[in-house]
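Notebook, salt bridges and one hairpin. I wanted to see which charged side chains pair up here, and then take a look at a pair of strands.

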Amino acid sequence: MSEDLPDSLIPYDEIVQEALRAVVGRVLGEIERSGGLPGAHHFYITFKTQAAGVDIPRHLVERFPDEMTIVLQNKFWDLKVSDDAFGVSLTFNQVAAHLHIPFAAITAFVDPAVNFALQFQAQADIAPEPHEEAENDAPQVMTEDGSNVVTVDFGKKK
C-alpha cells in the first residue's frame, strides 16, 4: 500500500468505535433483561468521568478527575440500558451511588471470566492524569493478558 494515501472522507474509525461500543450496550442489555450476571461473568468498565453526559456523584469526580473503573459483579442494582448510555447503582465504601454513563465515555470493557476485553480510543489526545483504582466494594480479580483482547487505535498518518 502507498504511504501517500489521502485522508478518508468516510469516518471509518468513528464507525468502528461506535460499533464496538454497541457490543458493550448489547451485553449490558442482556444482563438487564436476565436480571443478573450468568456464571462467573463480571465486568470492569473504565470511562472518562468528565465526558459529556456522565452523571456521577461529585465526590467521585473529585477522586477520579479523568478516568474511573467500576466493577459489575456482586454489588450492583438498578441497571438500566438505553441506546446510548447505561445507569447503574453501586456502593463505594458502603455508600450507595447511582451512575449514568454514556457509551461514548467508555474507554475499556473487560470480562476477565472469559478473558475478553475491548479498549476504545480516548476522545481527547491529552494524556490521562494518574488516579487511584476504583473501590466500589468488589473483589479484586487479577487476569492474564490474553488473545481475546480487541484494541482499536486509529491514528492519522502525518
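I'm calling it a salt bridge when a side-chain nitrogen of Lys or Arg sits within 4 Å of a carboxyl oxygen of Asp or Glu. Note to self: this is a predicted model.

**Entry 1: the tally.** How many salt bridges does a search of the whole structure find? I got 3. The general idea is simple: side chains of opposite charge can pair when their charged atoms come close.

**Entry 2: the network.** I started with Lys 48, since Lys 48, Asp 66 and Glu 67 are linked in a network of salt bridges. For Asp 66 and Lys 48, I read 3.3 Å from N to O. Asp 66 sits in the loop between helix H2 (58-63) and strand S2 (67-72), while Lys 48 belongs to strand S1 (residues 43-48), so this pair ties together parts that are 18 residues apart in sequence.

Next I checked Glu 67 with Lys 48, where the N to O distance comes out at 4.0 Å. Here Glu 67 is in strand S2 and Lys 48 in strand S1, so the contact ties together parts 19 residues apart in sequence.

Are these side chains buried or exposed? I looked up Asp 66 and found a relative accessible area of 18%, which counts as buried. Lys 48 is buried too, at 14%. Glu 67 also goes down as buried. My cut-off for that word is under 20% relative accessible area.

**Entry 3: the helix pair.** Which residue does Glu 30 bridge to? Its partner is Arg 33, and the closest N and O atoms are 3.1 Å apart. Both are in helix H1 (residues 12-34), and because they are 3 residues apart there, about one helical turn separates them. I checked accessibility here as well: Glu 30 is partly exposed at 41%, and Arg 33 is exposed at 59%. I noted the contrast with the network, where Lys 48 and Glu 67 are buried.

**Entry 4: the hairpin.** Leaving the charges aside, I moved on to strands S3 (residues 76-81) and S4 (residues 85-92). How do they run, parallel or antiparallel? They run antiparallel, and I counted 4 bridges joining them. The two strands form a hairpin, with 3 residues between them. I also looked up Trp 77 and found that its bridge partner in S4 is Ser 89.

Definitions and conventions
Residues are numbered from 1 along each chain as its sequence is written. This is a predicted model: local features need pLDDT of at least 70, side-chain atom pairs count only at pLDDT 80 or more; totals for chains, interfaces and linings use all residues. Side-chain values use heavy atoms; hydrogens and water are left out. Buried means under 20% relative accessible area, exposed over 50%, partly exposed in between (1.4 Å probe, protein chains only). Two strands pair if DSSP finds at least two bridges between them.
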